Structure formats: structure tokens, C-alpha cells
Amino acid sequence: MENPLEHFELHTLILLRLFGLDISINQAVVMIWVVCAAVFLFFWAATRNARLIPTKLQSIAELGVEFLRGLILENMGEKGMKLFPFIATLFFFILFSNLLGLIPGAYTVTSQVMVNGILALAVFALSVIMGVALHGAHYLSIFLPQGTPWWLMPLMILVEIISQLARPITLAVRLFANMTAGHTVINVLLGLVLLGGVVLGWMPLGFTVALYLLEVLVAFIQAYVFTVLTTVYIGDAIKLH
Amino acid sequence: MPQFDLHFLSPLVFWSVVSFGALLFLLYRYAFPEIFRRLEEREKTIKDSLDQAERLKQEAQQLLSQYEAKLKSVHDEGRTILEAARKQAQEQLEENEQRIEQETRRMLADARSEIQRERQEVLREIQRTAADLTLLAAEKVLARSLTDVDHRRLIEEAVLEIARQHKTT
């Protein structure tokens with residue numbers, strides 16, 4: 001049986017260097033481009049013949065935009081709408097990565113912890129920037145929940161710092177783990193189909209189909225979770241408790 | 001796990017940032033404003049439509065009450081006209097009745113006087129005839145003609161006398 005994690009291995013396709021920095025092209029990079037192109041094409045098609053009575057595609061795009069706006073207004077308030085383009089792009093990038101990754105043979109970009117990591121770091125950086133821009137030095141009070149007794153202060157500050165730092169890590173790892181696990185399970189089951197042959201193979205095959213459906217759901221849920229947490233984290237910085 | 005192979009860190013991070021940034025720019029520049037514009041436009045259209053519907057409804061309500069008032073006034077006017085016509089007809093009827101009655105009475109009186117006159121005439125005729133007959137009879141009896149006016153007058157007086165006697169009896 002083949003290694004179920006082999007699917008996630010990257011292979012350099014084209015060697016590239018920029019000022020000594022390795023920017024070689026591999027499957028994940030190609031897939032990032034595919035995802036970006038798909039998202040852009042989706043919006044291009046949705047807005048190309050946009051009209052008052054929306055087309056189906058337009059409805060879907062508008063539904064997504066409305067949904068994200070609701071999310072932002074709820075968690076970040078009116079000020080958060082400035083970040084709408086970033087958060088919406090984040091959502092659709094992750095969603096399309098998850099969904100396109102489900103196509104057999106395609107690479108799942110979001111199963112790369114380094115890609116998720118840079119997105120999560122961007123979210124973290126944005127939250128800090130927003131917090132400092134809006135509140136200045138007062139932003140530091142995010143490390144000290146209101147009403148903390150003085151003798152708990154050192155501990156609480158430590159806990160809050162860890163909690164803040166854990167946010168981008170958990171954000172990245174959650175997405176990576178979900179995508180990796182789902183694909184790995186499907187891979188293992190497909191291996192079992194080959195092992196079981198005609199007699200027993202239909203059983204894992206049935207599970208694979210069911211899991212695939214589940215993975216489609218997970219693709220949406222994880223994109224949603226990542227986005228919700230993004231709005232909550234940045235919202236915290238905007239509102240400061 | 002292959003995903004932790006740091007060999008690919010720089011290509012992945014670099015291309016993620018570049019691609020994501022490009023996508024963000026394109027969507028920010030072209031897609032989102034268009035969608036928001038559409039959404040706002042639709043919101044406005046729906047709001048306008050609702051407002052207009054409300055306005056039209058009010059207008060319709062107003063027209064309805066106007067028409068109702070007009071209808072009522074027309075109805076009242078109709079009733080007045082009808083009432084007047086009925087009264088006029090009644091008057092006409094009464095007048096006609098009166099006139100017919102008078103006419104009838106007059107005609108009756110005329111007829112009565114006519115009959116009276118005719119009767120007088122007939123009576124005179126009878127007297128004349130009776131006189132002639134008497135003369136004729138007397139002529140026959142006397143075998144000679146009584147053409148003498150005096151005689152004739154005598155006989156007529158005799159007849160009148162007879163007639164008077166006849167009338168009194």
C-alpha cells in the first residue's frame with residue numbers, strides 16, 4: 001500500500017530564483033494560481049452581465065458578499081468594513097482552495113501549513129495594526145482583561161500574550177489539519193478499495209463517496225471558521241473588550 | 001509529514017503573498033465595488049418600488065373616496081329629479097282629471113240643451129204636421145180647401161189648445 005501522505009509531497013517543477021530567494025514553481029504554487037484565477041473568473045462571470053434581477057452566478061456571488069458583510073458588521077462593527085476586501089478575498093481563496101483540492105489529482109493548497117501560516121500571520125498583523133492605529137498605546141490593554149485583581153495581573157498578562165500568539169498558530173493548524181486529515185482518510189480508503197478488490201472493495205468505496213460529501217461540507221465549514229475567527233480576532237483589536 | 005519540509009517555505013510564502021495580493025487587488029478594484037453597487041442599487045430599487053406602491057395605494061384610496069362622494073351626490077340628485085318628476089306627473093294627472101271632468105260636464109250640458117232644442121223642433125214639427133193633417137182632414141170633411149189664412153190660424157190655435165190640454169193632462 002502506498003504512503004497516504006505522498007499526495008502532499010511537493011516537487012519542484014521549475015527552478016526560479018529572485019535576488020537569491022528560492023521562488024521555484026511546484027504543484028502547490030501552480031494550484032495557488034489556479035485558485036486565484038478561479039476566484040477571479042467566478043467574480044468576473046458573476047459581475048460581467050450583472051443586472052438588477054440577478055443571474056444565478058450573480059446571486060451566489062452577492063449571497064457570499066452579503067454573508068461576509070453580515071459577519072464583519074457583527075464581529076467588527078462598521079469600522080471593520082474597511083477590511084472587507086481582505087476578508088472576502090481570504091474567504092473565497094480558502095474556499096476555492098478547499099473545493100478545488102477535492103478534484104482528484106489536484107493539490108490542496110490549504111493543506112500546506114506554510115500557506116495557511118502566512119495567511120494567519122497576515123490576519124494577526126492586521127489585528128495588531130488595526131488595534132494600534134485605532135487605540136495607540138491603549139491597545140496594550142488587550143493583554144489585561146478588565147476587572148482583573150492586581151495579584152492576578154502578571155499571570156493574566158502572560159496568559160493573554162500566549163492566547164494572542166496562539167491565535168495565528170491555531171488558525172493555520174486547524175485548516176491544515178482538517179484538509180490533511182480528510183484527504184488522508186480518503187486516500188487510505190481508496191488504498192483499501194484496491195486491496196479489497198471486487199469482493200470487498202465496494203465497502204471502502206462506499207465510505208469514500210460518503211467521505212467525499214463530508215469533505216465538501218468541511219471545505220465550506222473550514223473556510224467559514226477561518227473567516228469567522230479572522231473577524232473575531234480583528235474585531236477584538238477594534239473593540240478592545 | 002511532507003508539509004513541514006522547510007525546503008519549500010520560501011517559494012510557498014512568496015507565491016502565496018504575491019498571488020493573494022494580486023487577487024485581492026483585482027477583486028478590490030473590479031469585483032467588490034460592482035457587487036456592492038448592484039446590491040445598493042437593488043436595495044434602492046426595492047425601496048423606491050415599495051414607496052411608489054404606497055403612494056399609488058394612497059392615491060387610489062383618495063380617488064375611491066372621491067368617487068364615492070361623487071356617486072352619493074349623483075344619487076341624491078337623481079332622487080331629487082325623480083321626486084320632482086313624480087310630483088309634476090301627479091299635478092298633470094290631477095289637472096287632466098279636472099279638465100276631463102269639466103269637459104264632460106260641458107259636453108253633457110251641451111247635449112242636454114241640444115236635446116231640448118231638438119225636442120222643441122220636433123214638437124213644432126208635430127204641431128205643423130198635425131195642423132196640416134187636420135186641415136187635410138177638415139178639407140176632406142168640408143170638401144173644400146181651407147186656404148184662408150184666418151182659417152189656418154184658427155186651426156193652429158185649436159191644435160195648440162189641444163196640445164196645451166194634452167200637456168197639462
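1. A quick convention before we start: two residues are in contact if their C-beta atoms, placed from the backbone, lie within 7 Å. By that rule, the contact takes 38 residues from chain A and 32 residues from chain B. On the chain A side, the elements giving two or more residues are strand S3 (21-22), H1, H2, H3, H4 and H5. H1(A) contributes the most there, with 9 residues. Helices (H or I, at least four residues) and strands (E, at least two) are DSSP runs, numbered from the N terminus.

2. A word on the model: it is predicted, with local features needing pLDDT of at least 70 and side-chain atom pairs counting only at pLDDT 80 or more, while totals for chains, interfaces and linings use all residues. Residues are numbered from 1 along each chain as its sequence is written, and chains are lettered from A and ligands numbered from 1 in the order in which they are written.

3. Now for the chemistry of that side of chain A: it has 27 nonpolar, 7 polar and 4 charged residues. Here Ala, Val, Leu, Ile, Met, Phe, Trp, Tyr, Cys and Pro count as nonpolar, Asp, Glu, Lys and Arg as charged, and the others, Gly among them, as polar.

4. The largest nonpolar core (buried Ala, Val, Leu, Ile, Met, Phe, Trp, Tyr and Cys residues joined through C-beta atoms within 7 Å) has 58 residues. A residue is buried with 20 or more other C-beta atoms within 10 Å of its own, exposed with 12 or fewer, and partly exposed in between. A:Phe91 and A:Phe93 have the most contacts inside this core. Elements giving two or more residues to the core include helix H3 (84-100) of chain A and helix H1 (9-142) of chain B. Leaving aside residues up to four places away in sequence, A:Phe93 touches A:Val35, A:Val39, B:Phe20 and B:Leu23.

5. Please have a look at chain B by itself, too. There are 2 helices and 0 strands in it. Its radius of gyration, taken over C-alpha atoms, is 63 Å, well over the 15 Å that the globule rule (2.2 Å times the number of residues to the power 0.38) gives for 169 residues, so chain B is more spread out than a compact globule. The C-alpha trace of chain B spans about 190 × 30 × 30 Å along its principal axes. Buried residues make up 9% of chain B.

6. Finally, A:Met203 lies in helix H6 of chain A. This residue counts as partly exposed because it has 13 C-beta neighbours inside 10 Å.
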